[in-house]
Each structure stands twice: as structure tokens, then as C-alpha cells.
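Student: I would like to take a close look at a single part of this protein. Please explain that part in detail and then place it within the rest of the model.

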Amino acid sequence: MWTLFVLCILGLNICQTTGVDNSTQMYYFKMVVEKSVIANITARLKTVVSSGNLKVDDLKMTTICQSVPDGIRCSCLSDFRWSDTVCLETDQKCCGDMNCTFTDKLARRCISNETVAVSGSITLRGMDHYDCLKENTTEIFKQCNNNLLQEMKRVYSTLAGFDILTINQYRVGSVIADFEVSFAHTVKQQELMSKTQLLISTLSASVDLETTGVVRLIMPPKSPVCYHDNPKLTCTLKEDLETSPVWLLMREGTVFEIFNGTESEVTTETLETRVTLRNISKLWEGKYTCKYVQQLSSINIIHKASGTMNISLLPKADLIIAPPFPHCIIGSNLLKVRVKCELEHNTDVYDVEWTGLNIVAGPFQRSPDSHASDVLVSCNETKDIPQVTCTLKNRCKEERTVSASVNVIYGTNQYCAAEGDWEVTKAGFSAVVKCTNATGHRERECKIGPTQGKWEPEVSTCVNRDVNNVLQKANVVDIGLGSLDDNAAYVFSLFGNVTKNSATINTFANLNTSVQVLSQMSRKIKSMNSEYTADDFLESSSNILEKSLNESWTSEANKGTISLAESYLDSFEDLIQKTNVTRVPKKKNVELAASDCPRGSTCRNTVFDTDVKLVSPDPGSVKTAGFKELENYLPNKDDTYQPNSIVVSVTTERKQSDSVQVQIKFSLNRPRPRNVNMRCVFWDRGARSWSTEGCEWQGASDEGLCVCRHLSSFAVLMSRSPVNIRGLTEVTLVGLSVSVVSLVLTLAIEVIVWSAVVKTDTSYLRHMANVNICLCLLVADCCFLASFNDNNKETWCKIFVALKHFSYLSMFFWMLCLSSMLLHQTVFTLHTMGRKTYLRFSLVLGYVCPLLISVITWFSYNNGAEGEYYSMETCWLCYAGLMKGSIYAFVIPVGIIVFVNVFSMVVVIIKLLNRPMTPEKYNEREKNATITVMRTVILLTPIFGVTWVLGFAVMLLDLTSGPIVFIVHYAFNLLNTFQGLFILVTTYLADQQTREALLKHLKKHLKKHAPASNTDSTTNLVSSWNK
């Protein structure tokens, strides 16, 4: 016997709503008939119904069932399928049009492929249906429910194929009724919309509907889908819904919208939409839904179809050997080694096959763990290394093979003994240990030594799981699961939270993973339009640059092809180009400024107190980013220069011409010492280094200003040492040596001629001052020569500075004594000063005053502290800027003395020109002595004065300013170092009285020791020099 389910559609005139449209009702028959009757059953049943009010419109068989020993076997006829309910009840064993056997002997009915089910909710306004919220057992509820049900049936029953309408429940929120309507075949959506409009106008309500059956989803024919397949899912329609479809995937309770991506392609036509998947993974397993949404006024209709796709995966595997390096003990012949094929987290079942090479026996598969096996290896050393291979097969019989060598430690092999987590390891190999509570592994090499293996330092690639999770999210941000913008926003939000705690990323491996996140995002996203996303992006980028992470950035592990800092900068610049927001809060280590500039205008941005001005014919949108700490991490191939500013990146929306000019006023990280050169540089991606091409430093007058003729990332590099003037040291040494010799000769001459030339008080005072000037200068020059020794310690340098300071001041104060004496004699002609009085005055002025200035200066600068009182580089007083530094304790007194000397000379010259010269009132010898003193002062004052005027210029001018400064330095050194020679020539050899006394002494000496034949020639020589 056969069981038939017959579907009959009838028209019932008694359920009209408008008096025009006929209502419909479905009737289902279950019949048990002979097999021979099946062919004519529908024709015979049409004659059964005979009524004026009823008309049979359609009559179809849906299901044929037959009794079998195991139960009832049923099959769906053409254009019919098992319902979703049956499919779920049978754990997807009876889905579609499959033949199914039901062991409970309860036959199920197939439904039409065109069956439409509608579930929805109607929100009723007003108070007419408040009674429907009462207890469902009360009469008032039943009446309210029946009235609403009849009203809804009168509308929807006029749609062809109407089957049943039920109200499931009522909810509060006004009055909300949840209901279901089913139709035996396709419903025209325009009619459904119009009937729903009629309903809401009648009831003053709004309706939300969700249909199944309007859209048909065709899943891949194979289940599960194989790993290497490119499955295609297709949704079809009977009519154009005039709206775009949406594809959804629900996996583990999370719903993702499917877009075009690297692993998915969504195509849409009028009556069809498809999703094609490529390189599928576990991410694509789950429940798929395609839906169309129609909205009109108070009506919202969702048409959808769903299906589940299982994937037979083929994950990566590792072959684990235990112990990692089997150790053969002397006397043993065989070793048992366990090998295990370890998979990534996966719940699929795989068939495992084991093979071995150069092993004694095995592999012997262990039970119940099918992924593990035992092998026996020989302890007799051979050239052939034992190998084990694991082959995995998934449900689709796709294979993945993993092999590993068994590196046995034989009796003569070196090895490293076990140490902590590290097991015994064969020399020449590396031990690998999985990270605890992190992803990645730790590795440690066992190096071959003279007699035994030696452990090298550990190298860790352990990555915090939260950081690794962000990277995994970034890797799949563009595969098509979710919109690219939403995925990017989620990744940056997650990234910002993870990097907020520096301890989370305080290793090279974690920092490397963090930079990889930025690198992946820069390659995958097309634009960044959300201010929230941009804020999270900048926040995470700033967190990576925290100063506490310095050691992680500069780790020895960071010596790859491209450094972390390079990858960071490249990724950040690419992301900035794609960022379309202008208002982003300033971050601790990263600041972004943007401005839209009209054609022909000058753009200005400021980041971290660094002003950027872009001059271009058509700048457009200009973005400037500043990075703290990054300058310390970018590779610097020139060790003579070091970064001294933040890195500033300047980009524009439009491509700029060659006429672009970028002016950057950097705020320097450290003050630039005098005479230290600076370079304005940009990061050259091609050369992977800083380059000065197209950039110019504007000099010491505006030491932070750079001007460049292109766009890039810029910074300032500062030389590690001052500018060196070629040959200046040699000139100084020669000059000082000549001066020392000259000063010694001068003092010797003074001793020789003292009794001959010192005849008056004036000459006494003059020669006394000259002797002290020479002594002070001799001590100062000797200290300068001694301070040229690079091995001088701090104490010696400090002593030399104090002596030079005192000696040079004393020299000038003795010059002041000379000019004061001359001024006194010129102005007060009738008043004479005795030798003792002048000597006491000169000693106080020449030594006590300089000593007081030197001592006060010493204590004023932190007891002669290095860097405040003196500089170790120059072994001289410090210059810290205009009117700043201990150097002014020398410059100011010297300047005053030079001024007084010049003033004295002017007064003396005027007085001499106006004074009457009478023999009675003016002693000739005194007159000559006075003129000699005046000549000495006039000659010495310009020499010493001009020298230290040039010295003051040297102090103010920077060696980076150009060639003119080099000329000033050479002139100062020549005049300053040869001062001893100038004194010898101008004060003694140029003085006739001194020269005559010296010649007289020489003549006397020569006569005493020379032969008589040479007397005449000597006399002629002396007479010639005297002339």
C-alpha cells in the first residue's frame, strides 16, 4: 500500500473582505491507496467536491511514502522538498528532495519549492486592542484576539495560495502582535505589499514582516565543502524586488555581512545574486543568509533564505618529537622515540598515516591518540638520518604531509646538558620550546665548542595573545567578512586598548607584531573616513612609541632587512594618506595636523611646537604628522651625526610639482653647542637612510629652520663634534712655542740691559711693567701648551683654566698700569710718583685685582664646575650665549682696559701736541722715557686689543656660518699665539735705547772672546745694525 499527501487549493466566497476578491484556503489529505491508482488520483479527486460556494483551483501530490522494515521511506515529488523543520529534526539528513526513511513510522509531508512563510509583528496604535494584553484565558482576550485574527485573515486570505494565519503572542510597546502566515506557493510581492498597506490603514498600525520562500538559496552541492574548493552560493527570485540584496554569515553567534574581498566575490543581477568564495578557511563555516529589504512608510518587509555550510578543513600541523634530541647512552642499541602530529585548534576528524625512513622499526600508532606514534631508532651512528612523516587526510580525502628528522645524540657527539626548560640538545642544533601563555616559541642554539656544546643566549618570539589576536584580525580585515571600514574601526579600537599598557608590548616580538598590524592595515584599507577610527589609529601608533619601549625598538633582534622603525614610518605615512579627517586629538607621541589650502596660498601646520609651512601653486589638502622618539629608532648610517629633532612627515592629497617648498621650524631636542654643524635631512625610502638631497639648513642664526624642495619625512641631525678648522691646532702650537721662546729671550734681554736703560723713574716703571707682562703671558702660554694634551684629567684642566684666566687678566692689568702712569705724568706734570709708590700700586692693580676676579668667578660657577666654569673640550672658560657664561669674567675687564688704554693714548697725544717744550722745565731723559712708554703702550694696546676684539668675534661667530668665520679664527690665532714675538720686536728690538744697550753688551762680549783680526769687521757689523 502507498500513502499519498494531496494538496488542494480551494476558493471560499464566504471569506471576502471587499466583496470583490475571493478568499483562499488550503486543505491537505492523507490517503492510503493501491499503487495502480496513483496515476489518476488527482483527476478523480476533482469530482469529489461539488458546491456553489467552493471551487477547486489546484490539486497536487506532494509526497509518496512506502512502508519498509526500518520504518517509512518517503520521497518528495518534483517541485517539492522537505521543510526546514524536517531538515533540522533529522540533523540535516532529510533536506531538499532527498529520499528519507523515518524510523518512528510517522510520515512527513513535503512542501512546495514555492511555499512562502511569513512571520511578522503588527504594532497597533490607540487603545482599541488593549484587551489583547489581558490573560489569554479570559473571554475579553479571546474576543479581542478573534477580532484581530479575523481582520488579518480577511486581508491576507485574498492572496493566492493562502494557507493559514496564526497569532502567536502579544507584547507590550503599544500593543504588538506576533503572527505567522503561510502560503502554498509564491506570493507576488506587490500584492503582499498592497494587502499589508490595506491592513495598516484599517487598523492604524505598522507592520514588520519576514518571509522565507520568496528568495531561494542554492547551497554548494557537496557537504562538507572541501578545503581546495571554490564554493558558490546562489539566491534566486521569481520577481524583481527593486532592492539590493545583503549576504550574511552567522558563525559562533556573531553575524557578519559579506562584501567583495580577497576571499569573496559578490555579484548581483536582477533576479539572482551569488557569493563565490576563494581560499576558504574556518572563518567561512556557518549559516548563510541572503536577504532583500523592502521599506514603505510603516511597512518593513525582509525576504530571506538561509543555509548552513560545513567545511572540511586542512589545517597546518607540526611534528613534535619527544625527546627532541634522543640521547643514546653507552651500551644501548635502540631508542624508542615518540612522534606526534600536532594540529592547530580544530574539531574535525582526520585520518593519519605514518611512514618512516632509516628507522629500525615503526611507526607504531598509539591508541586511542591516533595523532601519535612510536618509532625505534638505532644508536649506531650512520650517515643516514632517521625521518618520520605524518600524512593527514580530511573528510574530502585531501592530504597534508609533515616530516621531521630524528637528530640522535650518539656517544661521540657534543651536546648541551639540560638547563631549566631546555632539554638536552645536540651541538650544532637549536632547542625550541613553546611559549607559556603566549603564541610563538623560544629558541636557544647549542653551539659546538672545543670539547662540549655551549648554550647561546635565548631568542624569544613569544607574542602576547591579545597582541597576536589583533594581528589575526588585521590579516582578515579585507577578506569580505564585514565591511572594510567597520573591520578597520574594530581592529584599531582593539589595537588601541591592547597597546595602552606598555607592559603588554615591551618585547621585540610584541613590538614587531604591533608594527605588523599597522603594516597590514596600510596595505588593506582604502580610506579612513571616521574620526573615531582615526583617533584609535593615532592612539595605538602613539602607544607604540612610548619611551619605556626604547630597548625593544633598539634590540639586537631588530637587525633585519627592514627595521621596525622603517616599517612603522612607511605604514603610518600610507595610512595618513588614506585618512580623510582633519580634527583628531593630539596624542602623547604622535600629533596630526591637517588643513585644506586653496590654490596659490601658503599652508601652515604645527605639530609638537614644530611649525611647517608649505609653499606650492596648488597645495590642496596638506597633512603634517609629528613623531616623538622615532628619530632614535630609524637607522642612521652616519655615526658622526645624531638626531636632534622629532620626525615630521608632510604629505599632500595632490601630487606636487618640483616648485614645492617646505619650510620647517624645528624645536630641537637638545641645545646645539657652538660650532656644531647641523643637517636637514629627509628619510629616503629607496636608500633606507637619511639624505640631505633637496634640503638646506638655514644656519646658526636660525638653527632650527630647514627648507626642502620636496615632500617626505624630515628631521634634523646634529654633529657629534664641533667643526674642525684644518691646520688651526698646528698654527696654535707653533705660535705658542715661538711666543714662549720670544718671551724667554725678552726676559733675558731685560736682565742684560736693565742697568743700562733703567735710569729714570719712568723707565723703571716701564721696564717693571714689561717684565710682569712677559711673565704673565709666559705662564698663560705654557698653560695653553700643556692643556693641548688630550690625556689631561678634569683636575688639571680646571687648574690650567684658572691659571690662564688669572695670567691673561694680570697681563692686561699691567698694561693698564702703563697707561695709567703715562696719563698721570701727562696730566699732572708737576706731581711725581716715587718708585715704591708706583710699585705698590702696580702690584695691587696687576695681581690683586685679577686674583679677585678669578676667585670670584671660580666660586660663582659652582666652584669651578665643568660645563659651567670651564669646558673640557677647549680647556677654557665657557661661553653659553650672549652675556652668558664665565667667559665674560675675562671679556668685560679686558674690554674696559682696552678702552681706558685708547682713551689714555688720545689724552697723552693731545697734551704732548699742546705743551710748550722748554729745556728748563723738561728733562730730556724723562722726555725720552715718556715717549718710549707712550710708544710701548700705543704699540701693545692695538696688538693686545685687536687680538681680543677678534677673540670676542670668535666667541660670537659660529664656525658653521661660512668661510669668513674661518678667516677670523686664523687671524685671532696668529695674533694671539705670536704675542710673545710681537712684544720682543716692538718693545725691545724696536726701542733704540734698549737696542743700543744690547749692542754695547754684545760688542763688549765679542771683544772679550773674538780674535783681534775680527775686530774691525765686528765693529762694522755693529755700526750697520745701529744705523
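Tutor: Leu882, Met883, Ile892, Ile896 and Leu956 together make a nonpolar patch on the surface, with an area of about 510 Å². One of these residues, Ile892, belongs to helix H15, which covers residues 888-914. Ile892 is partly exposed, because its relative accessible area is 40%, and this value lies between the 20% limit for buried and the 50% limit for exposed.

This description rests on a predicted model. The average pLDDT of the protein is 84, and 87% of the residues reach at least 70. Residues 4-20, however, have a pLDDT below 50, although the model gives this stretch 77 contacts beyond near neighbours in sequence. Residues 1013-1027 also stay under 50, and here the model has 7 contacts beyond four places in sequence.

Another helix may be set beside the patch. Helix H8, residues 531-544, consists of 14 residues and reaches 20 Å from its first C-alpha to its last, close to the 20 Å expected. Its buried residues include Thr533, Ala534, Phe537, Leu538 and Ile544. The buried residues of H8 pack against helices H6, H7, H9 and H10, and also against strand S35.

A strand completes the picture. Thr276 lies in strand S18, residues 272-277. Thr276 and Pro231 are separated by 45 residues in sequence, yet their C-alpha atoms are 6.0 Å apart in space. Beyond residues up to four places away in sequence, Thr276 touches Pro231, Lys232, Glu263, Ser264 and Glu265.

Conventions:
Residues numbered from 1 in each chain as written. Predicted model: local features only at pLDDT ≥ 70, side-chain atom pairs only at ≥ 80, totals over all residues. Heavy atoms only, no water. pLDDT = per-residue confidence, 0-100. Contact = heavy atoms within 4.5 Å. Patch = residues over 30% accessible without salt bridge, like charges linked within 9 Å, V, L, I, M, F, W, Y side chains within 5 Å. Areas by Shrake-Rupley, 256 points an atom, 1.4 Å probe, with all protein chains shown as cover. Salt bridge = Lys/Arg side-chain N within 4 Å of Asp/Glu carboxyl O. Helix = DSSP H or I, 4+ residues; strand = E, 2+ residues; numbered from the N terminus. Buried < 20%, exposed > 50% of the residue type's maximum accessible area, 1.4 Å probe, protein only. Expected span 1.5 Å × (residues − 1).
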